[in-house]
Amino acid sequence: ATLVITRETTVWRAHKGFNASHSLGLITFGVLYGYLALARPQVLAESVFLLALGLGVHLAYVVLARRYFFSVPLRGAALAGLLYATGWLLLTSAA
């Protein structure tokens, strides 16, 4: 039997929608920051706001992975955040 939330949806459908929307957010973040890093690095280099926002997103995913997921996503999120912070340090030290 399926657990019904409302007449329009079930727990299973809500779960799939939640995962799809959050995956889309991760993909959009990666594409946007990847594009900026490769095609417009000066935009990132000149914007402390964008750099801090990116680091904040990475740290949020580390916290979420620690709290709700298993060790593989946690290690991936931590590594991504560490590499991002290292890139930021290298960028600011080169300037």
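1. Let me start with F69. In this predicted model, F69 sits in the loop that runs between α3 (48–68) and α4 (71–94). Its relative accessible area is 51%, and since the cut-off for exposed is over 50%, F69 counts as exposed. F70 belongs to the loop between α3 and α4 too, and it is also exposed, with a relative accessible area of 58%.

2. Those two phenylalanines are part of something on the surface. L64, Y68, F69, F70 and V72 form a nonpolar patch there, and together they have about 570 Å² of accessible area. If you colour the surface by residue type, look for this patch around F69 and F70.

3. Now for the inside. Which residues make up the largest nonpolar core? There are seven of them: F29, Y33, L36, L44, L51, Y84 and W88. Two or more residues of this core come from each of α1 (11–39) and α4. The biggest contributor is α1, which gives three residues. As background, nonpolar side chains in soluble globular proteins tend to be buried together.

4. On to the rings. The count of aromatic pairs comes to two. One of them is F29 with Y33: the ring centres are 4.7 Å apart and the planes make an angle of 35 degrees, so this pair is tilted. F29 and Y33 are four residues apart in helix α1, so about one helical turn separates them. Both F29 and Y33 are buried.

5. Y33 also pairs with Y84, and here the geometry is edge-to-face, at 6.4 Å centre to centre with 65 degrees between the planes. This pair links distant parts of the chain, with Y33 in helix α1, Y84 in helix α4, and their positions 51 residues apart. Y33 and Y84 are both buried. Put the ring pairs together and F29, Y33 and Y84 are linked into a cluster.

6. H58 is worth a click while you have the aromatic cluster on screen. Is H58 buried or exposed? With a relative accessible area of 13%, against a limit of under 20% for buried, H58 counts as buried. H58 belongs to helix α3. Leaving aside neighbours within four places in sequence, H58 is in contact with F29, A80, G81 and Y84. Of those partners, F29 and Y84 are members of the ring cluster.

7. L36 is another core member to check. Not counting residues up to four places away in sequence, L36 touches P41, V43, L44 and L50. One of these, L44, belongs to the largest nonpolar core as well.

8. A45 is in helix α2 (residues 41–45). A45 is partly exposed, with a relative accessible area of 41%. Where does the chain bring A45 relative to W88? The two are 43 residues apart along the chain, and their C-alpha atoms are separated by 8.3 Å. W88, for its part, is listed in the largest nonpolar core.

9. Back to helix α4, where L74 has its place. At 23% relative accessibility, L74 is partly exposed. Its contacts, leaving aside neighbours within four places in sequence, are V62, A65 and R66. As for longer distances, L74 and A20 are 54 residues apart along the chain, with 19 Å between their C-alpha atoms.

10. R75 lies in helix α4 as well. R75 is exposed, and its relative accessible area is 54%. From C-alpha to C-alpha, R75 and V62 are 8.3 Å apart in space, and 13 residues apart in sequence. V62 is also one of the residues that L74 contacts.

11. One last distance, for linking the patch and the core. F70 is in the surface patch, while Y84 is in the largest nonpolar core. How many ångströms separate the C-alpha atoms of F70 and Y84? The separation is 22 Å, for residues that are 14 places apart along the chain.

Note on methods
Residues are numbered from 1 along each chain as its sequence is written. This is a predicted model: local features need pLDDT of at least 70, side-chain atom pairs count only at pLDDT 80 or more; totals for chains, interfaces and linings use all residues. Side-chain values use heavy atoms; hydrogens and water are left out. Patches are made of residues with over 30% relative accessible area and no salt bridge: like charges are joined within 9 Å, nonpolar side chains (Val, Leu, Ile, Met, Phe, Trp, Tyr) within 5 Å. Accessible areas come from the Shrake-Rupley method with a 1.4 Å probe; for residues, only the protein chains shown count as cover. A salt bridge is a side-chain nitrogen of Lys or Arg within 4 Å of a carboxyl oxygen of Asp or Glu. Buried means under 20% relative accessible area, exposed over 50%, partly exposed in between (1.4 Å probe, protein chains only). A nonpolar core is a set of buried Ala, Val, Leu, Ile, Met, Phe, Trp, Tyr and Cys residues joined through side-chain atoms within 4.5 Å. Contact means heavy atoms within 4.5 Å. Rings of Phe, Tyr and Trp (its six-membered ring) pair if their centres lie within 6.5 Å; planes under 30 degrees apart count as stacked, over 60 as edge-to-face and the rest as tilted.
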